[in-house]
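Trainee: I should like to request a close look at a single part of this structure, followed by an account of how the rest is arranged.

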Amino acid sequence: MRHTISLLVENEYGMLTRVAGLFSARGYQIDTLNVAPTLEEGVSRMTLTTHGNDHVIQQILQQSHKIIKVIDVVDMTIVPHVEREMVMLTVNAQQGEQRQEVLSLVEIFRAKVVDVNTDSFILEMTGNAEKVNAFIELLKPIGITDIVRTGPVAMTRVAHVKAQRLKDEDEEFSELTLNEKV
Amino acid sequence: MKMRGARILLESLRCEGVKHVFGYPGGAVLHIYDELVKHAEELGITHYLVRHEQASLFGAAGYAQATGKTGVALVTSGPGGTNAVTGIANAFMDSLPMVVFTGQVPTHLIGNDAFQEADLTGITRSCTKHNYLVKHVEDLAPTIKEAFHVASTGRPGPVLVDLPKDMTAQEIEFSYPETIDIRSYKPQVYGDPKAVRKAVGAMLQAERPVLYIGGGAHAAGAYEEVKQLAEKLNLPTTCTLMGLGAFPASHPLSLGMLGMHGGYWTNMAVNNSDLLISIGARFDDRVTGKLSEFASGAKFIHVDIDASCISKNVPCDYPVVGDAKIVVQQMLKELEEQLAGGEKVASKVSWHDQIAAWKKQHPLWWKEEGDVIKPQYVIEELHRITKGQAVVSSDVGQHQMWTAQLYGFDTPRNWLNSGGLGAMGYGFPAAVGAAVARPNDLCVAVVGDGGFQMVLNELATVKQYNIPVKILLINNGFLGMVRQWQEQFYEHRYSHSNIEVQPDFVKLADSYGVAAFRATKMNEVSHTLEKALNTPGPVLIEMKVAREENVFPIVPAGAALKDMILS
């Protein structure tokens, strides 16, 4: 199953390799990865998607948590959250019917045209992975000449922030993280 | 007072209470060695010059294993660091507290493929608990403080601090931080009380429990607690290779070592248990054999300070994350309460009888065959002569298993070996570290002829500092464990395991000025050993043993524990 994992990390030299290296050393997969600063200086948020059975995911969470400069690890998939990624596409848009069809898809998906050429557009769209995939599928017959995706970023819905903190000192810690999932 | 980085490093070591450093100089660490020669005495730091960087790491590891204190190694950049990698990986696998200082090319040259440059933080990222590259001299002291803290707390491990040469040259005011707080690193030491309660409940009900003690019991110093737990609940108790000595081998409840070369009765007890209580062990493949058939009727209690170890290999029924000493204390208290509340300890009479019957059925065995020295006999004699009280540092291979099986460790921290990584060459330099740390104890390195030849250059080290390590060389002219596997699992095809072309070890030791003895017959073993062990200073004792002796029992790789081969 696909999981979105959010790591809060000290933005120190080599931090990305520490996380990526852990995944390669232990044979886990990183499907997408996104790193950016947070409001707090020196602290970054890494959002990655991976896949595996419950045992693998549990190991990923625990092993990442063990990296000394990882402040917090949350498996977003099992807590209520909002997830978005952005895609930019260069698509064919010849004068006439094709151009109209692209623009109507832009309308339906609440995408944006960010660059216009005589025979192509650059489109920008955000949504969850399913929506992005659907948009791409519909544009494929028209002709996509280039594509860039950010991979998902995710945010916990405020009321549920407490749910599954790996570094929580809550006494339920070991049961929540170890018993129920294994 | 303003001082240069190199001096700050040494002052920081003093603040950390470091007395001994194992190292090897080179271009990038010259400032440090310069300060060392000027200030070693006032700092109270003794530096031991090894003859290969790997030995500085093994020495620091032996130091850590023999004392529980953080071992310190110092090597230069590039090849100094890369030579150290095996030693770092060893400490990582065996969770030994260690801080490794490596030189690095000056910051302005980093990334330029400079002379003796290697990306040491990159190379060691996956075999250190954490590592640092110091890029500003004002970060030096805080980084060292943090390195020692990380290395010695939680699940201990090696921490590397990479020091560009300019960092040791620049001058700054020295002040050492008194406290440290790493927001992202807060090891959980106290067990969750509910988890402890449930685990104790399961212990009371178990009819066929086994207590399974790993290296974590040493790391936490949980000896008294573990013993109390075993005695209060009348628990048959086994130690892993890394756990040996955490529970006295001569204790009536001791089952000895489990796993690939564990006793028949031990493995049968584990495999037929209804509750396996693991304290600071990690269900390593050399312990479990085929996972799907490992103690398949048992529930598992797993106490570990590293949450990622729990349910990594076997699904755990009663996980408790925390420090072994503290959690077992919590368990003992909880046990008192539950017993006071009317709970009873389930009777285990028939279980103990069953285990005793297994032991009677297939005890550990070896057989005399004429004059030829049996290696097992050497270990038994070593135990007899040293009264089981020596610090024994083993290399890797057959002799390691015979020592683990037969020496009978009653005292904590007297058993040193490379368990996780299985690094040949560990035994001798680790014994050097132990002898430095514990000058009043007899330190014996039990080594094979294969492993010893990887590190025999350290004879110069023990000679130079007159370090009284007794090297007990079990010489069978083979890479014994490789040969055994080739005999048992590769139809006797001894591919490149025959190393009978070797130096005359007695002459070799002699050429280093190290006293040496040799025995070639069974009846020479005792007096040769006694004479050698009573000789002051470093000594080499060569035992020419039976060439094709096997370690039994053995669980073939990937097989279930119950399928062990007994003879």
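In which loop of chain B is the place of B:Ser95?

Mentor: This is a predicted model, and the part in question belongs to chain B. The place of B:Ser95 is in the loop that joins α4 (79–93) to β5 (98–104) of chain B. Its backbone deserves attention, since B:Ser95 is not a glycine and yet has a positive phi of about 50 degrees. As to its surroundings, 25 other C-beta atoms lie within 10 Å of B:Ser95, so this residue is buried; the cut-off for that class is 20 or more.

A second residue of chain B invites comparison. B:Glu491, likewise not a glycine, has a positive phi of about 45 degrees. Its position is in the loop between α20 (480–489) and α21 (505–512) of chain B. Here the surroundings contain 7 other C-beta atoms within 10 Å, and B:Glu491 is therefore exposed, the limit for that class being 12 or fewer. Thus B:Ser95 is buried, whereas B:Glu491 is exposed, although each has a positive phi.

A further backbone feature of chain B concerns a peptide bond. The bond from B:Phe552 to B:Pro553 is cis, and its omega is near -10 degrees. B:Pro553 lies in the segment that follows β20 (539–544) of chain B.

B:Val545 is also found in the segment after β20 of chain B. This residue counts as buried because it has 28 C-beta neighbours inside 10 Å. Leaving aside residues up to four places away in sequence, B:Val545 touches B:Ile373, B:Lys374, B:Pro375, B:Val378, B:Ile474, B:Asn475 and B:Asn476. In the case of B:Ile373, 172 residues separate the partners in sequence, while the C-alpha to C-alpha distance is 4.6 Å.

One of those contacts, B:Pro375, leads to a pair of helices. B:Pro375 belongs to α15 (residues 375–386) of chain B, whose axis comes within 9 Å of that of α16 (residues 398–406) of chain B, with a crossing angle of roughly 45 degrees. That angle makes α15(B) oblique to α16(B). The crossing of α15(B) past α16(B) is right-handed. On the side of α15(B), the residues that meet the other helix are B:Pro375, B:Gln376, B:Ile379, B:Glu380 and B:His383. Their counterparts in α16(B) are B:His399, B:Trp402, B:Thr403 and B:Leu406.

Another helix of chain B, α17 (residues 427–437), is largely enclosed by the rest of the structure, because 11 of its 11 residues are buried. Among the buried residues of α17(B) are B:Phe428, B:Pro429, B:Val432 and B:Val436, together with the glycines B:Gly427 and B:Gly433.

Chain A may be described next. It contains five helices and nine strands, and from the N terminus its elements follow the order β-α-β-β-α-β-β-α-β-β-α-β-β-α. Of its 182 residues, 27% count as buried. Among the contacts in chain A with a separation of 6 or more, 73% are between residues 24 or more positions apart.

Within chain A there is an open sheet of four strands, ordered β2-β3-β1-β4, with antiparallel pairing. Its edge strands are β2 (32–37) and β4 (70–75) of chain A, each of which pairs on one side only. On average, neighbouring strands of this sheet are turned by 15 degrees against each other, direction ignored. The pairing of β2(A) with β3 (residues 43–51) of chain A is antiparallel and extends over six bridges. In this pair, A:Thr32 stands opposite A:Thr49 of β3(A). Helix α2 (residues 54–66) of chain A packs on the sheet and touches β1 (2–10), β3 and β4 of chain A. The direction of α2 makes about 165 degrees with that of β4(A).

Finally, the confidence of the prediction should be considered. The predictor assigns the complex an ipTM of 0.90 and a pTM of 0.94. Chain B has an average pLDDT of 97, and 100% of its residues score at least 70. For chain A the average pLDDT is 88, and 87% of the residues score at least 70. Over residues 166–182 of chain A the pLDDT is below 50, although this stretch has 35 contacts in the model beyond near neighbours in sequence. Where pLDDT is low, predicted coordinates should not be read in detail.

Key. Residues numbered from 1 in each chain as written. Chains lettered and ligands numbered in written order. Predicted model: local features only at pLDDT ≥ 70, side-chain atom pairs only at ≥ 80, totals over all residues. Pairing = 2+ DSSP bridges. Helix = DSSP H or I, 4+ residues; strand = E, 2+ residues; numbered from the N terminus. Axes fitted to C-alpha atoms, helices over the stretch in contact; angles between N-to-C directions. Contact = placed C-beta atoms within 7 Å. pLDDT = per-residue confidence, 0-100. Parallel < 35°, antiparallel > 145°, perpendicular 65-115°, else oblique. Left-handed = near helix turned anticlockwise from the far one by under 90°.
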